[in-house]
Amino acid sequence: MSASAELAERPRTSRGSDFDAIIIGAGISGMFMLYRLRELGIKARVFEAGADLGGTWYWNRYPGARFDSESWTYGYSFSKELMQEWDWKEHFSPQPDTLEYLNYVAQKFDLRRDMQFGSTVTSAHWDDAANQWTVTLENGEQARSRLLFTAIGILSAYTLPAIPGRDSFRGPAYHPARWPHTPVDFSGKRVGIIGTGATAIQAIPEIARQAKHLTVFQRRPNWAAPLHNAKIGQAEMQEIKSRYEEIYAHCAKTASWFIHEADRRKTLDVPPEEREAFWEKLYAEPGFGIWMGNFRDILIDEKANAAISEFIAKKIRQRVKDPKVADKLIPKDHGFGTRRVPLESGYFEAYNRDNVTLVDTINDEPIECITPKGVQTRAREYEFDILVYATGFDGVTGAFDRIDIRGMDGMHLKDAWTDGPRTYLGMLAEGFPNLLMVLGPHTARGNIPQAIEHSVEFQAGILRFMQEHNYTRVETRPEHVAEWTQIVIKASEPLLSSKVDSWQTGVNRNVEGRTVRRVLGYNGNGVHFRRKTDEVAKGGYQEFLFR
Ligand code: NAP
């Protein structure tokens, strides 16, 4: 039976809707939202663009793709049974294992039966009279629901480079977020990669090991620090399992919900030798400690930031043999930690290989165009067999922009957010009743799966409240949206990262109009965010309007 015939045959629920709820996206957010909705007796349908579930971990299959957060803090924590059943194989899980994990979760909780794959949502329109959403898919199929959940991720709207001739290249060209499902064979191939963000930093050492030659086109370099991944043995996994409760309770009490916690000291209050020893220790440890477990002022104080940046620059100079190449790899336009810090495994050493060339496209050889044979810079044409466009995403709001979302009076969400998102807690937008966003803009993020769980739990609380009071409609109150937007903006003001262009500040020069920085997340303390949501729940959700 075709998907549309199936829809047509499906009995409508009360109020003429096809479903009580529609969830867009079958990634970590959509999967858990579905699970909670079912528990509440809410009949939900998930529409997923991909041919299967997994979201980020379904799409990003490029070589080297893995968590750079500790696996045992990056899974679901809602089911103790699941936590005890699943063995993480590595401290920083590679993409195939993570996808296997998500499939295991889907199977354990029988999630697939409410998911419809290959179903890209193109529009979602609010019908005020009917008190419901009408969702339209790419193939024209429509479905109606009282509630609509966006579970569309913050890094799902991938962007190709806006370089002339981009589509003229004769060989295969891949964006890592649309990587083929069968491994790409780089052996004996001349490969060019554009971009040096977190994705490229993971992919470059892997591709370099296989390719005949790899040419890296770097616009702005990024700071990066070692991941120090390792396998997890059975005994160690047992020990982790015995501490899960403690680990997740600890994360909930840290600013970004990771295991890492900032050191209370200020950088320049610490004698230089002691400071250096502390940084050496962090640099030798796995994970984000060097970024999040550092002195508390490195991300807000210029001098402190300059000091840690110099330490990391020294490390790059030590690791890269050619001083000229090392110098090109050291960022000069922003300090350490002010863009998302990629964690790497042999990234800098890749440039010591004879088969890797770094092209600085800002200072030496700007890219002029893509040609049928490869890349033309101001100096020469580089010929390739394969091109990789590791050029990132239209972060956070990009995925919303790609859906025609209209609320009250036909208001377009994109227009409502022209000057930046306006939400309450990053979960509901003004003028868009019954639209709940998991991981929406202006919410607290940090450790993403934990942020997702927190967001879903809070929203499940709202739904429970609605059921108890027979409400069918929830909206934000404008004064609280205004207040929350100000809180979010204020929270990001002291951060040095707010002055730096990146996907996190909403800048993407491959997308028209994405040249002005915006605040896209709540960058305050995650503990405060939890406290705030707890207070709202305890206070009976007075910040929302129910009908
Ligand atoms: P990104 O950090 O935005 O990097 C994109 C890269 O492409 C940048 O180096 C950018 O240069 C370059 N670029 C873009 N357009 C270009 C053009 N037209 N010409 C030349 N260069 C161009 O994107 P990403 O590497 O995909 O990472 C995005 C985020 O995904 C990360 O920050 C992270 O949050 C997440 N991620 C996570 C993991 C993980 O968990 N392990 C792994 C990968 C990614 P400029 O800097 O000059 O713009």
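Strands are DSSP runs of at least two residues, numbered from the N terminus. By this scheme, Leu425 falls in the loop that joins β18 (423-424) to β19 (428-429). The model is predicted. Phi of Leu425 is near 60°, which is a positive value in a residue other than glycine. The relative accessible area of Leu425 is 0%, so the residue counts as buried.

A positive phi is also found at His228, again a residue other than glycine, with a value near 55°. His228 belongs to the loop between β10 (225-226) and α7 (234-242). Its burial state follows from a relative accessibility of 35%: because buried means under 20% and exposed means over 50%, His228 counts as partly exposed.

Aromatic rings were examined next. A pair of aromatic rings is described by the distance of the centres and the angle of the planes. The search of the whole structure returns 45 aromatic pairs. In the pair formed by Phe288 and Trp291, the ring centres are 5.4 Å apart and the planes meet at 65°, so the arrangement is edge-to-face. The cut-off behind that label is an angle over 60 degrees. Both Phe288 and Trp291 are buried.

Trp291 also serves as a reference point for Ala262. The two residues are separated by 29 residues in sequence, and their C-alpha atoms lie 8.6 Å apart in space. Ala262 is located in the loop between α8 (244-252) and α9. With a relative accessibility of 36%, Ala262 counts as partly exposed. Leaving out residues up to four places away in sequence, Ala262 touches Met292, Gly293, Asn294 and Arg296.

One aromatic cluster is made up of Phe32, Tyr35, Trp57, Phe67, Tyr74, Tyr76, Phe78, Trp86, Trp88, Tyr101, Tyr104 and Phe109. Charged side chains also sit over aromatic rings. The charged end of Arg178 is placed over the ring of Trp59, 3.5 Å from the ring centre. The charged end of Arg530 is placed over the ring of Trp257, 4.4 Å from the ring centre.

Helix packing was then considered. Two packed helices are described by the angle between their axes and the distance between the axes. Helix α2 (residues 28-39) packs against helix α16 (residues 448-469) at an angle of about 30°, and the axes are 10 Å apart. The two helices, α2 and α16, are therefore roughly parallel to each other. The crossing of α2 past α16 is right-handed. On the α2 side, the contact is made by Ile28, Ser29, Phe32, Met33, Arg36 and Leu37. On the α16 side, Pro449, Ile452, Glu453, Val456, Glu457, Gln459, Ala460 and Leu463 take part. Phe32 thus appears both in this helix contact and in the aromatic cluster.

A second packed pair consists of helix α9 (residues 272-284) and helix α11 (residues 302-319). Their angle is about 55°, and their axes are 11 Å apart. On that angle, α9 and α11 are therefore oblique to each other. Their crossing is right-handed. From α9, the residues involved are Arg275, Glu276, Trp279, Glu280 and Tyr283. These meet Ala307, Ile308, Phe311, Ile312, Lys314, Lys315 and Arg319 in α11.

Three strand residues were looked at individually. Thr476 is part of strand β21 (residues 474-476). Its relative accessibility is 5%, so Thr476 counts as buried. Neighbours within four places in sequence aside, Thr476 is in contact with Tyr424, Leu428, Ala429, Glu430, Val481, Glu543, Phe544 and Leu545.

Leu387 is part of strand β16 (residues 386-389). Leu387 has a relative accessible area of 0% and is buried. Residues up to four places away in sequence are not counted among its contacts, which are Phe169, Pro172, Ala173, Tyr174, Gly192, Ile370 and Val375. Leu387 and Val121 are 266 residues apart in sequence, and the C-alpha to C-alpha distance between them is 30 Å.

Asp20 is part of strand β1 (residues 19-24). Its relative accessible area is 14%, so Asp20 is buried. Asp20 and Thr150 are 130 residues apart along the chain, and their C-alpha atoms are separated by 14 Å.

How values were computed:
Residues are numbered from 1 along each chain as its sequence is written. This is a predicted model: local features need pLDDT of at least 70, side-chain atom pairs count only at pLDDT 80 or more; totals for chains, interfaces and linings use all residues. Side-chain values use heavy atoms; hydrogens and water are left out. Rings of Phe, Tyr and Trp (its six-membered ring) pair if their centres lie within 6.5 Å; planes under 30 degrees apart count as stacked, over 60 as edge-to-face and the rest as tilted. Buried means under 20% relative accessible area, exposed over 50%, partly exposed in between (1.4 Å probe, protein chains only). A charge sits over a ring if NZ of Lys or CZ of Arg is within 6 Å of the ring centre and within 35 degrees of the ring normal. Helices (H or I, at least four residues) and strands (E, at least two) are DSSP runs, numbered from the N terminus. Contact means heavy atoms within 4.5 Å. Axes are lines fitted to C-alpha atoms, for helices over the stretch in contact, and angles run from 0 to 180 degrees between N-to-C directions. Angles under 35 degrees count as roughly parallel, over 145 as roughly antiparallel, 65 to 115 as roughly perpendicular and the rest as oblique. A crossing is left-handed if the near helix is turned anticlockwise from the far one by less than a right angle, and right-handed if clockwise.
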